[in-house]
There are 2 protein chains.
Amino acid sequence: MNLKEFASRIGLSATTVSRAMSGYPEVRPETRARVLEAAEKLGYRPNISAQRLATGRAGAIGIVFQGGGRFGPHSSELMGGLSTRLQRDGIDILVSTVETEEEEMAAYRRLAASKRVDAVILHTPACKDKRITLLQALGLPFVVHGRSEAEKPFAFLDIDNFGAIAEATRHLAGLGHRRIALINGDTASTYARDREDGYRTALEEHGLTPDPALMSRGEFTDETGFRLTQGFLALSAPPTAVIAGSMMSALGAMRAIRIAGLSPGTDIAIVAHDDVFPYLSPDNLVPAVTTTQSPMRAAGERIGDMALRLLQGEPPEALQEVWPVELIVRDSTRPAPA
Amino acid sequence: MNLKEFASRIGLSATTVSRAMSGYPEVRPETRARVLEAAEKLGYRPNISAQRLATGRAGAIGIVFQGGGRFGPHSSELMGGLSTRLQRDGIDILVSTVETEEEEMAAYRRLAASKRVDAVILHTPACKDKRITLLQALGLPFVVHGRSEAEKPFAFLDIDNFGAIAEATRHLAGLGHRRIALINGDTASTYARDREDGYRTALEEHGLTPDPALMSRGEFTDETGFRLTQGFLALSAPPTAVIAGSMMSALGAMRAIRIAGLSPGTDIAIVAHDDVFPYLSPDNLVPAVTTTQSPMRAAGERIGDMALRLLQGEPPEALQEVWPVELIVRDSTRPAPA
DNA sequence: CTGAAAGCGCTTACAG
DNA sequence: CTGAAAGCGCTTACAG
């Protein structure tokens, strides 16, 4: 049933029905109530494509994931939060996956030109990010999960990666650890650069010199955590503590430590930075893992919120947040062996 | 730039341009080439909302997740595969999250009435599933990930849960295990019922009687795997083998075994059923875990494919697949202790 | 093979 | 507070 038919069935004009259903003020409350009730009863819903064509709004927000492979547990938490928030305003989420950065750029051009989305969510930005430049040039509104440098201000939500890793490093140094290894991500990404800066800063506060052999990079998988930790353990002066970039890296690190005949927590301390996963808790590992934790799901909800405000005309510079990260000390960080 | 403007710029009618861009046959190859080239150069893209209004197609496929909490690692794999496939045909994915089954039903009504999607993907069906009845009544095409009983045929892709767990159970029984525990999901769901059936069948083949104390149910989290396994170990006659419903359950089970002072693999054998996660491999656990594995991502791609065919008019009964599951024996299943 | 025109189902400026 | 009508940007049956 379309608007015209519905309107004539209840003896009103399409105009009035449309206004009543969109919550415009110029409709008498009784009329509005009658319209809404009838719509419910007769099962009328405005055709979304027609609505979008008429208003010029897409009613959807896009998010692009690069490499099916990177659509992992963090993506699902972010998506879950985003979806929860946008649902409330009837905004859809449009998911695209691409393989390369080129394809990602093409995807934004396509989304913008075909008016398929009103805004996009960008994640894991580089320190200088071409995608941000492109989106600003296209005039497609966007919110970044993370931070980046750009000429023009843009909306973003980031966590305090610097503070998180600095705090973790201080905690370990305070326990007497002198050789602290860091498993980081690609330092082209802002978050990884911030973490490295936090690590270096805290080491220097404690009079320790950063050792390149103890700073490695790779994907946040169990496999990579394992391999990098094996590398650390093979050093002539191996570390007594490892800061893992994610829970998955920490699992791999602990495995490498065990295989070397050592005991995680006792022989080699472990701190993991990670999200709060509903299905894998650091409290439940053996030993329980000290973490710098930040809930990705809550961030997703907030990012959804910010995107909606952006569309309502709030300026990007008013939509910038950095969330603190809490260090939660558990059993995997004990004093350094004598 | 809209169609009219673009068409006049290149000296053709809107009709011809539209046909050229949609790949209709009645356009001269040279004309088509010229149109496509000009569109690329001038950056013209049809407005997606207008296209949808004119054709009556939404150009999107919906998927609803119940409980933000259930949007976990399996969801992301499924989504990744789905997205990869649909991307190729320019079909969007619309993600909704809801809290209850009631809300999920309401979401389908809404999606159908507002013509927001052309089809939906339903997952984790119950043996008798109200959602399937609803979708059939609404006339909204759908593909089920899993199986269910219904009067009318519908499209589905399922894995052989019965065969997977039967095979795992046979493998353990063949190694001399007599007390084999099963960590299953909610048996209202078809997959969990099938797994239980496979388990019972294989036990009986080996002259073993299913023991209710060894059959438990719960979420597929590390925490639940831990708790249920602790329950098994507290029995007066504890099991010598555990079949875990997922990788996460297996992690929890292994932790419980270790905490009890036992050795996973040696004292208590472990088999896990699970997806192939790019970030957590059973080969990398200690001991390497025997699995019945099935790639969720590949299933997602195939389901996307099936949805597209459904929309092209293939009858649902021609779109039904059950994928075999392979048992991969690793180090966690050794002969039963004497 | 190409084009003029009606129609998809809404919203909203304008008029009352 | 309510309505008639134009317009959003496409597609496609019809005519040539």
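Okay, let's start at Leu3(A): one of its backbone N or O atoms sits 2.5 Å from a phosphate oxygen of DNA strand C. Before I go on, this is a predicted model, where local features need pLDDT of at least 70, side-chain atom pairs count only at pLDDT 80 or more, and totals for chains, interfaces and linings use all residues. Residues are numbered from 1 along each chain as its sequence is written, chains are lettered from A and ligands numbered from 1 in the order in which they are written, and side-chain values use heavy atoms, with hydrogens and water left out.

Back to the DNA. Chain B has a phosphate contact too: an N or O atom in the side chain of Ser13(B) is 3.0 Å from a phosphate oxygen of strand C. For a base, look at Thr15(A), where a side-chain N or O atom lies 3.4 Å from a base oxygen of that strand.

How many residues surround DNA strand C? It's 28, and the closest are Leu3(A), Ser18(A), Tyr24(A), Thr16(B) and Arg19(B). Near, for a residue, means that one of its heavy atoms lies within 4 Å of the strand. Of the strand's atoms within 4 Å of the protein, 63% belong to sugar or phosphate, and the rest to bases.

Now, which helices are involved? α2 (14-22) and α4 (48-55), in chain A and in chain B, each supply at least two residues of the surface near strand C. The largest share, five residues, comes from α4(A). Helices here are DSSP runs of H or I with at least four residues, strands are E runs of at least two, and both are numbered from the N terminus.

Let's move away from the DNA to Asp129(B). You'll find Asp129(B) in the loop between β3 (119-123) and α7 (130-138) of chain B. Asp129(B) is buried, at 7% relative accessible area; buried means under 20%, exposed over 50%, and partly exposed in between, using a 1.4 Å probe and protein chains only. Its side chain makes a polar contact with the side chain of Arg131(B), at 2.9 Å. A polar contact is a pair of N or O atoms within 3.5 Å; within protein, one must be able to donate a hydrogen and the other to accept it, and residues adjacent in sequence count only if both atoms are side-chain atoms.

Gly90(B) sits in another loop, between α5 (73-88) and β2 (92-98) of chain B. Gly90(B) is partly exposed, with a relative accessible area of 35%.
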